[in-house]
Amino acid sequence: SRVVSEGSSLELEVASGVGDHGRVVDLDHGDPTMYEMFWKRMDEETTIVIPGWQSISYFSDPANPCWFLEPELAKQAVRIHQVVGNAVTENRYMVVGTGSTQLYQAALYALAPHGEPGPMDVVSVAPFYSSYPLMTDFLKSGLYKWAGDANLYDKDGPYIELVTSPNNPDGEPRTSAVNRSQGVLIHDFAYYWPQYAPITSAADHDLMLFTVSKSTGHAGSRIGWALVKDKEVAMKMTKFIELNTIGVSKDSQLRAAKILKATSDSCKHMSNPKVENFFKFSFNQMTERWAKLRAAVRKSGLFSLPDFTSDWCTYNQQVFQPQPAFAWLKCEGEIDDCQGFLKKHKILTRCGKHFGASLKYVRVNMLDRDPNFNLFVERLSTMSLIE
Ligand code: PMP
């Protein structure tokens, strides 16, 4: 009964080797449940208890432009950046959000000029994260609107460009594509962590978004943070969040702070010496999964995957190829609808069209639990057109 309450009954089926054949493997969403196995071993280091009298107030740090930011979260976010070396934190304002999803919307609100006759265009190079167009246009804002692929953008005038690096869905490192003087940039660094990609330098941009969702895997805590150079922009983002949700759950912020602390400590071997460095653990998991996936793709002969360029990682102190959180899988040959083809084999993925790309592509979550991931690669390796 313990196994059932911790996972799903489907996991039980896998564990006992019964019923795999007809089981649906859902790799559509980017749910980072792979990390569960690491955090189960870190019970003591990561458990927090919040007594009923604590964290009652709306306010966390009234003197901070982001008055609902818990100082301990700010401290631990800065520390993890220093440990990993993936972002410059000096001379920045930090804004906390309910996931980087809320911060993205806050950033659009803050960056789009108010009082203009028409909304500001928002672009990103295709394939782009499928939620960007949906989130941008959901409320039909008068301030900004989705304008599609940045590579096709040739209008004069101001615009916002989203730079996601490494990119969701294809894992490529990205820099700004439009590069005109009137563009303002939002850098989404959800995946700029050393288990996915070489950390080549400390990112140093005007507005950078980070999240615990893909760094430590705590997507359910819904905590993200923005590093913002300009005080006005940080204050406008704060205003957006104030009007949207009057701040961000303190309980979640305190939990995220504890998780980030445990993560940094694990890198410095300051916690239980028997506990592995979190980024080593996750790096090794990703290396193993990508090797398994590439072997399955070779064996089946029906698909292809992107080839990546290796780079030196200042954190891992080694050269390696990106090993992204998603596989951008292409159906080769006569299969035109890759999502439909995989669905017939009971594998759910997200169709390329949602990312501004062709139906020949799908995005596959690489961060599911072991039994699901293993079943996926096993099925992929035995697929053939004759079936
Ligand atoms: N940006 C990118 C590129 C993402 O892939 C995701 C999650 N899928 C997010 C932002 C949103 O993350 P969060 O859980 O922090 O809202």
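This section describes the confidence, the sheet, the ligand shell and one helix packing of a predicted model.

Residues are numbered from 1 along each chain as its sequence is written. Because the model is predicted, local features need a pLDDT of at least 70 and side-chain atom pairs count only at pLDDT 80 or more, whereas totals for chains, interfaces and linings use all residues. The pLDDT, the predictor's confidence in each residue on a scale from 0 to 100, averages 92 over the chain, and 93% of the residues score at least 70. Residues 1-17 have a pLDDT below 50, and this stretch has 15 contacts in the model beyond near neighbours in sequence; a contact requires C-beta atoms, placed from the backbone, within 7 Å. Where pLDDT is low, the predicted coordinates should not be read in detail. For the complex, the predictor gives an ipTM of 0.99 and a pTM of 0.93.

Secondary-structure elements are DSSP runs numbered from the N terminus, with helices (H or I) of at least four residues and strands (E) of at least two. Seven strands, a pair being defined by at least two DSSP bridges, form an open sheet with mixed pairing in the order β2-β8-β7-β6-β5-β3-β4. Strands β2 (93-98) and β4 (144-149) stand at the edges with a single partner strand each, so one side of each lacks a neighbour in the sheet. From one strand to the next, the twist averages 25°; angles run from 0 to 180 degrees between N-to-C directions, with axes fitted as lines to C-alpha atoms, for helices over the stretch in contact. Strands β7 (residues 207-211) and β8 (residues 223-228) run antiparallel and are joined by 5 bridges, with M208 having L227 in β8 as its bridge partner. Helix α9 (residues 231-245) lies across β2, β7 and β8, at about 20° to β2.

The ligand is surrounded by 13 residues, of which G99, S100, T101, T211 and S213 come nearest; the criterion is a C-beta atom, placed from the backbone, within 6 Å. Helix α6 (residues 99-111) contributes the largest share of this shell, 3 residues. By class, the shell comprises 3 nonpolar, 9 polar and 1 charged residues, where Ala, Val, Leu, Ile, Met, Phe, Trp, Tyr, Cys and Pro count as nonpolar, Asp, Glu, Lys and Arg as charged, and the others, Gly among them, as polar.

Helices α11 (residues 278-300) and α13 (residues 370-381) pack at about 20° with their axes 7 Å apart. The two helices are therefore roughly parallel, a term for angles under 35 degrees. In this contact, R289, K292, L293, A296, V297, K299 and S300 of α11 meet F373, V377, L380 and S381 of α13. The contact residues divide into 6 nonpolar, 2 polar and 3 charged.

Conventions: Two residues are in contact if their C-beta atoms, placed from the backbone, lie within 7 Å. Angles under 35 degrees count as roughly parallel, over 145 as roughly antiparallel, 65 to 115 as roughly perpendicular and the rest as oblique.
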